Amino acid sequence: MAGSSHGHTPAAWTGVTIAFIGFCVAGAFMVMAQPVGFWAGMVIVALGGVVGAAMRAAGLGQPKDTHPVHRTAATVKAEPAAAEG
């Protein structure tokens with residue numbers, strides 16, 4: 001993952017940070033047995049996904065064509081292996 005810049009964008013960092021805060025809020029309210037606070041935390045988690053997606057759509061995410069998994073066979077030309085020696 002480190003070689004492909006997976007998740008190293010402002011959109012990814014912001015979305016994950018918001019979702020992490022939401023999980024913390026939901027976990028705290030779950031321990032306190034407060035269902036309304038728990039569901040508020042879950043809304044914050046979903047908000048993290050929405051914010052991350054919106055930031056990616058605004059151009060702050062990684063483009064799909066830079067990741068080798070998203071390349072199709074037509075764009076990747078395979079060369080035969082050559083023997084050295």
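Hi everyone. Let's start with T9, which lies in the segment before α1, the helix of residues 10-31. Before I go on, please keep in mind that this is a predicted model.

So, is T9 buried or exposed? With a relative accessibility of 12%, T9 counts as buried, because the cut-off for buried is under 20%. Its side chain reaches forward to the backbone nitrogen of A12, at 3.2 Å. If we leave aside the neighbours within four places in sequence, T9 is in contact with L60, G61 and Q62.

Now let me step back to the whole chain. There are 2 helices and 0 strands. Of the 85 residues in the chain, 16% are buried. The accessible surface comes to about 6500 Å², and carbon and sulfur atoms account for 71% of that. As for contacts between residues at least 6 apart in sequence, 56% of them join residues at least 24 apart.

On to α1. Its 22 residues should span 32 Å at 1.5 Å a residue, and the end C-alpha atoms are indeed 32 Å apart, so the two agree. Which residues of α1 are buried? They are A11, G15, A19, G22 and A26. These residues cover an arc of only 55° around the axis, which puts them on the same side of α1. It helps to remember that an α-helix has 3.6 residues a turn, so residues three or four places apart point the same way.

What do those buried residues of α1 pack against? They pack against α2. Turn the helix around, and the face away from the buried side carries the exposed residues W13, V16, F20 and V31.

Next, the link between the helices. A33 is found in the loop between α1 and α2, and A33 is exposed, with a relative accessible area of 57%. Please look at its backbone when you have the model open: A33 has a positive phi of about 60°, although it is not a glycine. For background, most residues other than glycine have a negative phi.

That brings us to α2, which covers residues 35-60. This helix has 26 residues and reaches 35 Å from its first C-alpha to its last, close to the 38 Å expected at 1.5 Å a residue. The buried residues here are G37, G41, V45, G48, G52 and M55. What covers them includes α1, and you may recall that the buried residues of α1 pack against α2.

Let me pick out a few residues along α2. I'll take G37 to begin with. G37 is buried, with a relative accessible area of 11%. Leaving aside neighbours within four places in sequence, G37 is in contact with V25 and F29. G37 also sits 9.2 Å from G27, C-alpha to C-alpha, with their positions 10 residues apart in sequence.

Right beside G37 in the numbering come two aromatics. How many aromatic pairs does the structure hold? The count is 1. The rings of F38 and W39 have their centres 4.9 Å apart and their planes at 75°, so this pair is edge-to-face. The two partners have their own levels of exposure: F38 is partly exposed, at 21% relative accessible area, while W39 counts as exposed, at 55%.

Further along α2 we reach A54. A54 counts as partly exposed, at 46% relative accessibility. A54 and A11 are 43 residues apart in sequence, yet their C-alpha atoms are 8.1 Å apart in space. A11, remember, is one of the buried residues of α1.

And then there is R56, also in helix α2. R56 is partly exposed as well, at 44% relative accessibility. R56 and P10 are 46 residues apart in sequence and 8.5 Å apart in space, C-alpha to C-alpha. Beyond its neighbours within four places in sequence, R56 is in contact with A11, G61, Q62 and K64. Two of those names, G61 and Q62, should sound familiar from T9, which contacts them too.

Here is the picture to take back to your bench. The buried residues of α1 lie on the same side of the helix and pack against α2. Between the two helices is a loop that contains A33, with its positive phi. And T9, where we began, is buried and in contact with L60, G61 and Q62. Thanks for listening, everyone!

Technical notes:
Residues are numbered from 1 along each chain as its sequence is written. This is a predicted model: local features need pLDDT of at least 70, side-chain atom pairs count only at pLDDT 80 or more; totals for chains, interfaces and linings use all residues. Side-chain values use heavy atoms; hydrogens and water are left out. Helices (H or I, at least four residues) and strands (E, at least two) are DSSP runs, numbered from the N terminus. Buried means under 20% relative accessible area, exposed over 50%, partly exposed in between (1.4 Å probe, protein chains only). Rings of Phe, Tyr and Trp (its six-membered ring) pair if their centres lie within 6.5 Å; planes under 30 degrees apart count as stacked, over 60 as edge-to-face and the rest as tilted. A polar contact is a pair of N or O atoms within 3.5 Å; within protein, one must be able to donate a hydrogen and the other to accept it, and residues adjacent in sequence count only if both atoms are side-chain atoms. Contact means heavy atoms within 4.5 Å. The expected span of a helix is 1.5 Å times one less than its number of residues. Accessible areas come from the Shrake-Rupley method with a 1.4 Å probe; for residues, only the protein chains shown count as cover. The arc is that of the directions from the helix axis to the C-beta atoms.
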